[in-house]
Amino acid sequence: MHVQDSHWSSASAIAPGGGAMGGALGSTMSAAVGSGRADSARTTPLRVDAQRNLEHVLRAAREVFGELGYGAPMEDVARRARVGVGTVYRRFPSKDVLVRRIAEEETSRLTDQARTALGQEDEPWSALSRFLRTSVASGAGRLLPPQVLRVGVADEGAPDEARVPQQRTQSGAGELRLVPGDSSVLSGDDDAGAAQLLEVVGRLVDRARAAGELRADVSVSDVLLVIATAAPSLPDPAQQAAASARLLDILLEGLRSRPV
């Protein structure tokens, strides 16, 4: 401690005189400060780049999983994001973590859209159809977690149980085909976000059914299945929008009750 005090005292005594040593010390200290500022300036773009890479990865994951299903490999996500697969794994240590992030975001988006329809539309059917149209247009239906898409289907020789609708995946020939969905992609049917979505959509369904405008046999799962089904993935955006709108019109007519 005494040596350090003597060192800084000597430096202080020389520096005010403006001598060579003082000038050198001042230059060294200024350079050190300047270097610190330069280092700080250099680290800031890295943080910006990291954030930009994260946004690219999330956008690519939405596109890839939306087109091919949650079975698509992480390499496809990295390729679409134009980053190395190591960059993806640095942000998301496993594919399950990335899948959960995307599913949670899309579930939250649908929940917000359902709440908006409930709050801004007085007519029950208008509220339900608005929710369906905005949800299909956003493409979120292709990214819903499997547990909110369960519908009852009785298999031969098996008890009636909740089944997961088919998801798109990619065949070896490069074309899209349908295969049974894998409910293990996301764990836990009691996911809070999914429960909120089911509750809010349930209110839309109950209102429309009570008003006599929705078929009595239509369930919340049916409505969510419409969202997932009416959002095809086509290479041309204009064609995709037109196909989605046409298919949704047909499905909405199927949901409406008919006079006896």
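Hi everyone. Let me start with a term: a salt bridge is a side-chain nitrogen of Lys or Arg within 4 Å of a carboxyl oxygen of Asp or Glu. Hold on to that cut-off, because R203 and E199 fall under it, with their closest N and O atoms 3.9 Å apart. Please keep in mind that this is a predicted model.

So where do R203 and E199 sit? Both belong to helix α7, which covers residues 192-210, and they are 4 residues apart, about one turn of the helix. Here is the general background: an α-helix has 3.6 residues a turn, so residues three or four places apart point the same way. And side chains of opposite charge can pair when their charged atoms come close. As for their surroundings, R203 is partly exposed, with a relative accessible area of 41%, and E199 is partly exposed too, at 42%.

Now let's move to helix α5, residues 95-120. E104 and R100 both lie there, again 4 residues apart, about one turn of the helix. They form a salt bridge, and the closest N and O atoms are 3.7 Å apart. Are these two buried, exposed or partly exposed? E104 is partly exposed at 40% relative accessible area, and R100 also counts as partly exposed, at 25%.

One more pair for you: R258 and E253. Their side chains meet in a salt bridge of 2.9 Å, N to O. R258 is partly exposed, with 49% relative accessibility, and E253 is partly exposed with 45%. Beyond pairs, there is a network: R62, R101, E105, E106 and R109 are joined into one by salt bridges that share partners. And how many salt bridges does the count come to? The answer is 17.

Let me finish with helix α6, residues 124-138. Its 15 residues, at 1.5 Å a residue, should span 21 Å, and the C-alpha atoms at its ends are 21 Å apart, so expectation and model agree. Which residues of α6 are buried? Among them are P124, W125, L128, F131, L132 and V136; A127, S129 and S135 are buried as well. The cover over these buried residues includes α5 and α7, the two helices we visited earlier, along with α8 (220-229) and α9 (237-255). Just after α6 comes G139, which takes a positive phi of about 80°.

That's my tour. Thanks for listening, and I'm happy to take questions!

Note on methods:
Residues are numbered from 1 along each chain as its sequence is written. This is a predicted model: local features need pLDDT of at least 70, side-chain atom pairs count only at pLDDT 80 or more; totals for chains, interfaces and linings use all residues. Side-chain values use heavy atoms; hydrogens and water are left out. Buried means under 20% relative accessible area, exposed over 50%, partly exposed in between (1.4 Å probe, protein chains only). The expected span of a helix is 1.5 Å times one less than its number of residues. Contact means heavy atoms within 4.5 Å.
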